[in-house]
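Open the model in your viewer and keep the sequence panel beside it. Each stop below says what to select and what is there.

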Amino acid sequence: FLGWLSSLGDNYSLALVTGLMATALLQSSTAVTAVTIVLGSQGYLSLETAIALMLGSNIGTCSTALLASFRSCLEARRIAMAHVVLNVLGAIIFFPLIDFFADCLRYLSPLLPRQIAHGHTLFNLISSLLVLPFLPCFARLIIFLVPDKK
């Protein structure tokens, strides 16, 4: 696994998919983020590759909510779908900006582990804040994606 992660180089797409799959399998974005931080601190990953892994990890963490919601009430299925849509849209927005985002994170701290942690926090914060002005539209989208089965 270490060899695989260190071979990602600057292949951000592969890093995103790796983060998604690892998190879906482990069912823990915290574990994948911790591994990413450790590998980054040991020089196996660049900040940009770590960000791509983190984006995938944020999508992969939705698998737990989706699995838990399959036999749940309508509201639980909608919340799980909202989690998926929020993280996928966030990754779509951030993915083309990985290099710029990494440059911004370097201003926050000179330490790579902190940069990765800040990136994870800022991704989630910014993604959530970006959807706020569009909450009515976002809610309609989720209701459309998970309709009431009357």
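**Stop 1: a helix pair.** Select α2 and α3 in this predicted model. Their axes lie 8 Å apart, and the two helices pack at an angle of about 130°. Roughly parallel, roughly antiparallel, roughly perpendicular or oblique: which word fits α2 and α3? Angles over 145 degrees would count as roughly antiparallel, and 65 to 115 as roughly perpendicular. The angle of about 130° falls in neither range, so α2 and α3 are oblique to each other. Now look at the handedness. The crossing of α2 past α3 is right-handed.

Next, show side chains where the two helices touch. On the α2 side, pick A22, T23 and L26. On the α3 side, pick S29, A31 and V32. These two sets meet. Colour them by class: the contact has 4 nonpolar residues, 2 polar ones and no charged ones.

**Stop 2: the loop between them.** Select Q27. Where is Q27 found? It sits in the loop that runs between α2 (12–26) and α3 (29–41). Check its backbone: phi is near 55°, a positive value in a residue other than glycine. Most residues other than glycine have a negative phi. Switch on the surface and Q27 shows as partly exposed, with a relative accessible area of 46%.

**Stop 3: the salt bridges.** How many salt bridges does the model have? The count comes to 2. Start with E48 and R106. They form a salt bridge, and their closest N and O atoms are 2.7 Å apart. E48 belongs to helix α4 (residues 47–60), while R106 belongs to helix α7 (residues 98–108). The pair therefore ties together parts that are 58 residues apart in sequence.

Compare the surroundings of the two partners. E48 is buried, at a relative accessible area of 12%. R106 is partly exposed, at 36%.

Keep R106 selected and add D103. These two also form a salt bridge, with the closest N and O atoms 3.0 Å apart. Both residues lie in helix α7. They are 3 residues apart there, so about one helical turn separates them. D103 is partly exposed, with a relative accessible area of 41%.

**Last view.** Show E48, D103 and R106 together. The three are linked in a network of salt bridges. R106 is the residue to centre on: it pairs with E48 and with D103.

Key: Residues numbered from 1 in each chain as written. Predicted model: local features only at pLDDT ≥ 70, side-chain atom pairs only at ≥ 80, totals over all residues. Heavy atoms only, no water. Helix = DSSP H or I, 4+ residues; strand = E, 2+ residues; numbered from the N terminus. Buried < 20%, exposed > 50% of the residue type's maximum accessible area, 1.4 Å probe, protein only. Salt bridge = Lys/Arg side-chain N within 4 Å of Asp/Glu carboxyl O. Axes fitted to C-alpha atoms, helices over the stretch in contact; angles between N-to-C directions. Parallel < 35°, antiparallel > 145°, perpendicular 65-115°, else oblique. Left-handed = near helix turned anticlockwise from the far one by under 90°. Contact = heavy atoms within 4.5 Å. Nonpolar A, V, L, I, M, F, W, Y, C, P; charged D, E, K, R; others polar.
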